[in-house]
Amino acid sequence: MAKHWADFQYEIYLNGMTGAVPRLPTDLTRLEELTGQRLGPGPVGYVAGSAGDGSTARANRAALERRRIVPRMLRDVHERDLSVEVLGRTLPAPLALAPVGVLSIMHPDAESAAARAGAAQGVPFVLSSASSTPMEQVAEAMGGAERWFQLYWPKDVEVARSFLDRAKAAGFTALVVTLDTPLLSWRPRDLDQAYLPFLHGVGTANYFSDPAFRAGLAKPVHEDPDAAVMHFVGMFADPAKSWPDLAFLRENWDGPIVLKGVLHPDDARLAADAGMDGVVVSNHGGRQVAGAIAAADALPGVVEAVGDRLTVLFDSGVRTGDDVFKALALGARAVLLGRPYAYGLGLDGQAGVEHVIRCLLAELDLTMALSGHAIPSTIGPESLMETVG
Ligand SMILES: Cc1cc2nc3c(=O)[nH]c(=O)nc-3n(C[C@H](O)[C@H](O)[C@H](O)COP(=O)(O)O)c2cc1C
Ligand SMILES: CCCCCCCCCCCCCCC(=O)C(=O)O
């Protein structure tokens, strides 16, 4: 029998019989405010902030909230199974932890704690290129659990090749290539505080530990850290890349490749034509193009264009179990969760991330059951109604 994520609800109420209450709110939309009260303005601004005036991040929420679930009754939802097939693997639920860079600004245990939380709950962890912890160390913290590596495609081809080789050797099974960050966007919350952790050598661990990266330095990192930081800034991404360049990744990575940051159906078609395995429909949580289309509004068009050729994943704005339901109804195979787990980490380390995962999936499980769905594949466009305003 598959795990019933909703059992977390019983657990909480039963613990309450001894007077215990959860350490963190179970309404995950409250985590941002709580994090703001407990952590410094730099880290909180960096994580909670968005591009421009925040309109894309708001649009992400609005596009999900505008769509309402149409529950069905008397459909035998006693036994439920939330598992899904993603990139050739069976996941226990349609969820992965999105790549979130520089997690040490939230908690000293950073990516290792978040990865362990994912591993403990069976949820894949996607490690950012811009992590505070080298990929090998995160992999070790996870044991044999499912992990994917997110590539910020370095300008230097030897560093790119080295990242792919290291990720493969460290047991990362899928490559998630982020396309929407060839440059850092205009982020007023960070600009107003002149806050960018990378310039202090935080979030650069994969680079500073990389032999090909180090080979390009005149002096070792510890002797001239500022030069190492500037070397990182110069090679972090490459705005000159175009679609034919994807052949390099296909030649140098033998597992599944997923392109993250796709919003236009034609880009999704180009991804399929380039031999990719999937796309993440995402606007980077509203952090890159101010004024961009909401990710949930982009999802149906991408699914229609390539749903039969590629695995379509989704992120940007997911905060609740019903948001996950809506993304599935719009055609996503699974969702990636961003900021909420970073807040959980900031508030309570690994336990905080596990709390976030368990709340989200318990709410999804209950939303499915109460709407007449025992498995994700029965959820479809007819499960939603789009409302106006
Ligand atoms: C603090 C922060 C750092 C991020 N770092 C990365 C990153 O290194 N690589 C990447 O592909 N996406 C990164 N993202 C974007 C997430 O992977 C994801 O697309 C986004 O957070 C989803 O939106 P949500 O936060 O509304 O769930 C980052 C997001 C945040 C909030
Ligand atoms: C001397 C100033 C240089 C500014 C250029 C900075 C280049 C480094 C940018 C690293 C960005 C990592 C992004 C992580 C992420 O995805 C996010 O959303 O944040």
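In this predicted model, the largest pocket holds about 750 Å³ of space. Its lining is built from 41 residues. Tyr46, Tyr152, Thr181, Arg187 and His284 lie closest to the centre of the largest pocket. Four elements each give two or more residues to this lining: α3 (41–48), α11 (225–235), β11 (334–337) and α16 (339–371). The most comes from α11, which gives 3 residues. By class, the lining of the largest pocket divides into 23 nonpolar, 11 polar and 7 charged residues.

Ligand 1 sits in the largest pocket. Ligand 2 sits there as well. The surroundings of each ligand are described in turn.

Ligand 1 is surrounded by 21 residues. The closest of these are Pro99, Ser128, Thr178, Asp315 and Arg319. By class, the shell around ligand 1 comprises 6 nonpolar, 10 polar and 5 charged residues. Polar contacts to ligand 1 involve both backbone and side-chain atoms of the protein. On the backbone side, a polar atom of glycine 101 is 2.9 Å from a nitrogen atom of ligand 1. The side chain of glutamine 150 places a polar atom 3.2 Å from a nitrogen atom of the ligand. Arginine 319 contributes through its side chain, where an N or O atom is 2.8 Å from an oxygen atom of ligand 1. On its own, ligand 1 has 600 Å² of accessible area, and the protein covers 98% of this area.

The shell around ligand 2 consists of Tyr46, Tyr152, Leu184, Arg187, Leu196, Phe198, Phe232, Val233, Phe236, His284 and Arg287. By class, this shell has 8 nonpolar, 1 polar and 2 charged residues. Tyr46, Tyr152, Arg187 and His284 in this shell are also among the residues closest to the centre of the largest pocket. Three side chains make polar contacts with oxygen of ligand 2. Arginine 187 has a polar side-chain atom 2.8 Å from an oxygen atom of the ligand. In histidine 284, a side-chain N or O atom is 2.8 Å from an oxygen atom of ligand 2. Arginine 287 also places a polar side-chain atom 2.8 Å from an oxygen atom of ligand 2. Of the 550 Å² of accessible area that ligand 2 has on its own, the protein covers 77%.

The second largest pocket contains about 370 Å³ of space. Its lining has 20 residues. Nearest the centre of the second largest pocket are Glu32, Ala48, Ser50, Ala57 and Arg319. Arg319 is also one of the residues closest to ligand 1. At least two lining residues each come from α4 (55–66), α8 (188–191) and α16. Helix α4 gives the most to this lining, with 4 residues. By contrast, α11 gives the most to the lining of the largest pocket. Element α16 supplies residues to the lining of the second largest pocket and to that of the largest pocket. By class, the lining of the second largest pocket has 5 nonpolar, 8 polar and 7 charged residues.

Notes
Residues numbered from 1 in each chain as written. Chains lettered and ligands numbered in written order. Predicted model: local features only at pLDDT ≥ 70, side-chain atom pairs only at ≥ 80, totals over all residues. Heavy atoms only, no water. Near = heavy atom within 4 Å. Polar contact = N/O pair within 3.5 Å; in protein donor to acceptor, adjacent residues only side chain to side chain. Areas by Shrake-Rupley, 256 points an atom, 1.4 Å probe, with all protein chains shown as cover. 1 Å grid on protein atoms, 1.4 Å probe; cavity = no way out; pocket = protein on both sides within 12 Å on 5 of 7 lines; lining within 4 Å. Sits in = over half its atoms within 2 Å of the grid points. Nonpolar A, V, L, I, M, F, W, Y, C, P; charged D, E, K, R; others polar. Points joined across faces, edges and corners; volume = space filled by probe spheres on them.
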